[in-house]
Structure formats: structure tokens, C-alpha cells
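Please report on the ligand shell, the nonpolar core and the backbone of this model. Keep it brief.

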Amino acid sequence: MTAVFTGVDLSRRFGTLTALHDVTCTVPSDARIAVTGPSGSGKSTLLHLVAGLDRPSGGTVAWPALAAHPRTLPGRVGVVFQAPSLLDVLDVRENVELPLLLGGRGVGTAADDALARLGLEHLAERLPHELSVGQAQRVAVARALAAGPQLLIADEPTAALDSATAAQVVDVLIAAADEASAALVVATHDPDVAGRFAERWRMVGGRIDRETPA
Ligand SMILES: Nc1ncnc2c1ncn2[C@@H]1O[C@H](COP(=O)(O)OP(=O)(O)OP(=O)(O)O)[C@@H](O)[C@H]1O
């Protein structure tokens, strides 16, 4: 199966600090991977490289199954962050449409389809401050899905949520990845969330110490 991402000997330095050391990893196109590890171990740094949001200081990155140059990745890679990061002045539908518009793509029904997939169509005209934290995070998942990504990346998507809502958001991420046949990579501190994923990469000091075989 062609990988959606391959990284070989990746390092990332910030000034004198080396946040990632010689990481080699592959994300298969049907991946369900949890990235765990203590604060500061390099989870976000690695996810940003996988998402094409940042470039390595050393090593090589490629997205074989996406046949994409990093500049064209936004349509193929959906990203969910710790906070929903919705724009306050836009309603839910407009927030979900925004990446499509910024990417120069037609919107069509993509935003409404993504909202419907997450059971959020009734919230389409609400403003972000009218949502619960869990609803807002599900809208952020819909926004990540709207462009039909083949790789879905979530960086601590449940950190701000209680455990019941966190479980719901993980359900939604897994179901969305299943439905879109997308790879899913989730960074998390939460052992319950990590336990939902067959493959786990534990990061320690900027290196992957695999808990489960790749
Ligand atoms: N833009 C940056 N500039 C300087 N240092 C950075 C930057 N981004 C990350 N770092 C440092 O790199 C290291 C790894 O950070 P990273 O955010 O990847 O860890 P993490 O495992 O995701 O942590 P957390 O669980 O707290 O989110 C940390 O020491 C962090 O301070």
C-alpha cells in the first residue's frame, strides 16, 4: 500500500534546540496512529512536518500517495488543532468553507456535506461563541474534512475536553477517516484516546520509540 507520508532521517532544530532527532517513519494510507509522549518530546513538531506545515532542518519528506508538492497539500491534508480556532465573525458554515475559498476551490456543497457527516447541519448558522467546546471541536473536524483529505492529522484534539466529549471527538475522527478512506494520525497525552489506535508511536526526547510495530 502506498504511503501517504514518508520521512527519512528527519531532524528539526529551533536555534540551538533539537526538537527532532533522525526520525524515520512511514504513514500508510490506511493508518490509524496515535503519537504519544511527554510534553516537549516533539509530537507537534513531527505532526507539523507530516502535515507539510513546517520543513525539516535535515532529512527528507515525501507524500507518495498524494502525488503532491507541499504547496498543494492543503487540499489533501486536513488538520485539527488543540483549540478549534474558529473565526468568531464567521458562522459555522463559513468557517468550514474558508479553507476551500483560501485554496481557490469552489465551495459547492462541500461544507454542508462535511457538516452533515458530523451531524452538525443544524448548527450551520450559529456563530462560534454559540457552540459548546465539543461542538466547536467537531466543527473543526468538519473543516478539516471539507476538502476531502487523504491524510487527517489532529494535534491534541481532545486536550480541552472532558472525557465523554473527548471520546465523542475521537469517535468522529475515526468515523470520518473511515468514511473518507483517509489516514489518521493523532497526537495525544490521553491514554484512553491512545488506546483507541492500533499503532502507537511514543516519542521521547525527539525520537520515536515505537510501542507497537509499524
Ligand atoms: N517554534 C519553536 N521555536 C522554538 N522552540 C520550539 C518551537 N516549537 C517547538 N519548540 C520546542 O521543541 C520541543 C518539542 O516541542 P513540541 O511542541 O513538538 O512538543 P510536544 O511533544 O508536542 O509537546 P506538548 O505535548 O507540550 O504539546 C520543545 O522543547 C519546544 O519548546
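The report covers confidence, the ligand shell, two helices, the core and the positive phi values.

**Confidence.** This is a predicted model. The mean pLDDT of the chain is 88. Of its residues, 93% reach 70 or more. For the complex, the predictor gives an ipTM of 0.97 and a pTM of 0.90. Where pLDDT is low, the predicted coordinates should not be read in detail.

**Ligand shell.** Around the ligand sit F14, L17, A19, G37, S39, G40, S41, G42, K43, S44 and T45. Two or more shell residues come from each of β2 (17–28) and α1 (43–51). The largest share is that of α1, with three residues. By type, the shell holds three nonpolar, seven polar and one charged residue.

**Helix α1.** This helix is mostly covered, with eight of its nine residues buried. The buried set is K43, S44, T45, L46, L47, L49, V50 and A51. K43, S44 and T45 also belong to the shell around the ligand. Just after α1 comes G52, with a positive phi of about 75 degrees.

**Nonpolar core.** The largest nonpolar core has 63 residues. Which of them touch the most other members? They are V141, L152, L173 and V185. Leaving aside neighbours within four places in sequence, V185 is in contact with V27, A31, I33, V35, L47, V50 and I153. Two of these contacts, L47 and V50, are among the buried residues of α1.

**Helix α4.** This helix runs over residues 133–145. At 1.5 Å a residue, its 13 residues should span 18 Å. Its end C-alpha atoms are 19 Å apart, so the model agrees with that expectation. Ten of the 13 residues are buried, and α4 is mostly covered. Among the buried ones are A136, V139 and V141. Charged side chains are buried here too, including R138 and R143. The buried residues of α4 pack against β5 (77–80), α2 (92–102), α3 (110–117), β6 (151–155) and α5 (163–180).

**Positive phi outside glycine.** D22 and E156 both have positive phi without being glycine. The table sets out the values and places.

| Residue | Phi | Place |
|---|---|---|
| D22 | about 45 degrees | strand β2 |
| E156 | near 50 degrees | loop between β6 and α5 |

Are these two residues buried or exposed? D22 counts as partly exposed because 14 other C-beta atoms lie within 10 Å. E156 has 20 such atoms within 10 Å, so E156 counts as buried. The cut-off for buried is 20 or more.

Methods: Residues numbered from 1 in each chain as written. Predicted model: local features only at pLDDT ≥ 70, side-chain atom pairs only at ≥ 80, totals over all residues. Near = placed C-beta within 6 Å. Helix = DSSP H or I, 4+ residues; strand = E, 2+ residues; numbered from the N terminus. Core = buried A, V, L, I, M, F, W, Y, C linked by C-beta atoms within 7 Å. Buried ≥ 20, exposed ≤ 12 C-beta atoms within 10 Å, placed from the backbone. Contact = placed C-beta atoms within 7 Å. Expected span 1.5 Å × (residues − 1). pLDDT = per-residue confidence, 0-100.
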